[in-house]
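Trainee: Could you take me through this structure feature by feature, giving the general idea before each case?

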Amino acid sequence: MATYQLNFNQDFTSLSVLSPAGLRLYSIAGQDKVEEIFAKDNTEQIRIVERLFNSSLVVLVTAQKPNCLKMLHFKKKQDICNCFYPSEILCVRMNRQRLIVCLAESIHIHDIRDMKILHSIENIAPNEQGLCALSLNSHLAFPVCQTSGELRIFNASKLRTGMTIKAHDTPLSALAFSPSGSLLATASERGTVIRVFCVKNGQRVQEFRRGVSCVRIASLVFSASGDFLCASSNTETVHVFKIDARAVESVELKAIAEVAAKSDKAAKESASVPPVAEEVNSAPAPVASWGGMFSKAVSSLLLPSHVSEVLSQDRSFATVQLAQAGLKHICALTRVQKELRLLIACEDGFLYVHEFNAEKGGACKLLSVHDLRGALEDVIELQLSESVVRSQIKSTNATAQPSLTMLKSCAASVLIENPDPMPDNSYASILRGDQADAMSDSAKFRKLCDAIDTPTKLYDERQFPPVAIAAKD
């Protein structure tokens with residue numbers, strides 16, 4: 001049986017289906033409306049596909065050139081640029097500001113609007129699985145140890161190293177940020193326990209018990225609202241856990257209290273002075289501390305019962321029984337036509353849409369099934385330009401090519417190749433006398449912006465960034 005590699009985009013409005021025969025992109029417009037919007041033959045053995053939200057930007061990594069990242073504008077059938085890395089690309093993550101490329105021993109951070117490399121994280125612990133997660137507000141999480149479940153959070157927006165969290169005793173197998181970026185879910189290679197941490201202070205918020213048998217977590221994802229966490233494995237059960245808002249608030253309040261207590265202690269130490277001789281017998285009046293008062297107030301709220309409730313291993317809130325175990329399933333919990341639905345994409349090439357009750361939970365009812373194994377017809381076909389084929393020859397003599405730009409960061413280097421440009425016959429181009437030797441940086445910037453930007457949708461909760469409507473005077 002042929003297996004399919006399926007992957008949702010960041011807001012679960014699109015699904016990519018990759019098979020040995022070809023690549024297809026689907027738009028999920030409704031429970032019974034899953035439409036094919038793009039397809040191409042898989043002659044280059046594509047193995048990684050990522051689409052940026054519902055934009056026209058798609059990135060590909062092929063088995064023929066595993067160290068090359070290809071950026072495409074699939075609606076205009078144009079190649080934007082190709083990026084070459086020192087070793088094989090294992091994972092690609094994107095949001096509206098950043099593009100992350102994960103290699104076995106390094107991570108490269110790009111500005112997605114011009115693909116300039118902003119920072120490279122070098123000499124990390126060998127990450128053969130390419131495990132990493134990127135939040136919508138550009139928090140990056142990745143493992144830092146091969147023998148334990150220790151991870152690091154890096155601020156990819158401000159390019160600052162954050163805290164280190166020891167999430168599990170065994171190596172990590174899954175990472176996922178909540179839509180707001182305030183929570184991080186983790187799972188180890190055992191797959192029996194799933195933990196949720198607060199990104200601000202690294203404290204554990206909740207711990208969920210998936211089961212007692214060791215499994216491989218295939219999918220770990222928050223719902224679009226951030227209220228639920230969905231996990232699938234190689235068993236026949238998909239688990240949905242409910243995030244306790246009170247537990248999140250308690251952990252954040254406790255962290256604020258600890259910071260206030262530390263600042264109050266530092267203020268007392270800086271304000272203390274040696275006593276003068278005539279003031280030895282005088283009793284100083286007690287000074288009220290806002291930090292201490294706030295710490296006591298919060299501590300009084302955190303009773304032992306509440307602490308045990310926060311750290312207890314909660315069971316699943318809802319479940320789905322799959323027809324067959326052993327297959328890889330990718331999950332998404334989002335609103336489809338304003339109704340909360342649990343989407344499960346299976347490697348057998350089918351998309352299953354389940355009903356989800358946010359109030360009662362329980363077993364989720366199957367509503368519809370979509371066959372995504374159709375033939376490539378009546379869709380946009382993309383043929384990569386000859387420059388992509390010639391790039392293999394060019395890469396051997398990259399330094400002599402004017403269309404290649406080398407960006408060095410630490411010990412690694414990234415080559416960004418611009419494909420052959422389309423001739424510009426505009427009046428301004430004729431006056432300038434432009435030559436079509438290579439795409440200029442400004443042209444590449446315009447192509448990227450054109451592929452990334454999407455028409456704004458009013459009153460669409462899934463639109464990112466949200467649209468602010470100004471009130472009339």
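**The annotated repeat and its surroundings**

Mentor: The end C-alpha atoms of residues 165-193 are 16 Å apart, and the span is 59% strand and 0% helix, where helices (H or I, at least four residues) and strands (E, at least two) are DSSP runs numbered from the N terminus. The unreviewed UniProt entry annotates residues 165-193 as "repeat: WD", though such annotations may be inferred rather than shown by experiment. This is a predicted model, in which local features need pLDDT of at least 70 and side-chain atom pairs count only at pLDDT 80 or more, while totals for chains, interfaces and linings use all residues. Residues are numbered from 1 along each chain as its sequence is written, and side-chain values use heavy atoms, leaving out hydrogens and water.

Trainee: With which strands does E23 pair, E22 and E25 being the candidates?

Mentor: Two strands pair if DSSP finds at least two bridges between them. Strand E22 (residues 228-233) pairs with E23 in the antiparallel sense over four bridges, and the two form a hairpin with three residues between them; Leu229 has Phe241 as its bridge partner. E23 is also joined by four antiparallel bridges to strand E25 (residues 318-321), with Thr237 facing Gln321 as bridge partner.

Trainee: Why is E23 described as largely enclosed?

Mentor: Buried means under 20% relative accessible area, exposed over 50% and partly exposed in between, with a 1.4 Å probe and protein chains only. Five of the six residues of E23 (residues 237-242) are buried, so the strand is largely enclosed by the rest of the structure.

Trainee: How many disulfides does the structure hold?

Mentor: A disulfide is a pair of cysteine sulfur atoms within 2.5 Å, and the structure holds zero. Cys83 has its nearest cysteine sulfur, that of Cys81, 4.3 Å away. The sulfur of Cys230 lies 3.8 Å from that of Cys331, its closest, which is too far for a bond; Cys230 counts as buried because its relative accessibility is 0%.
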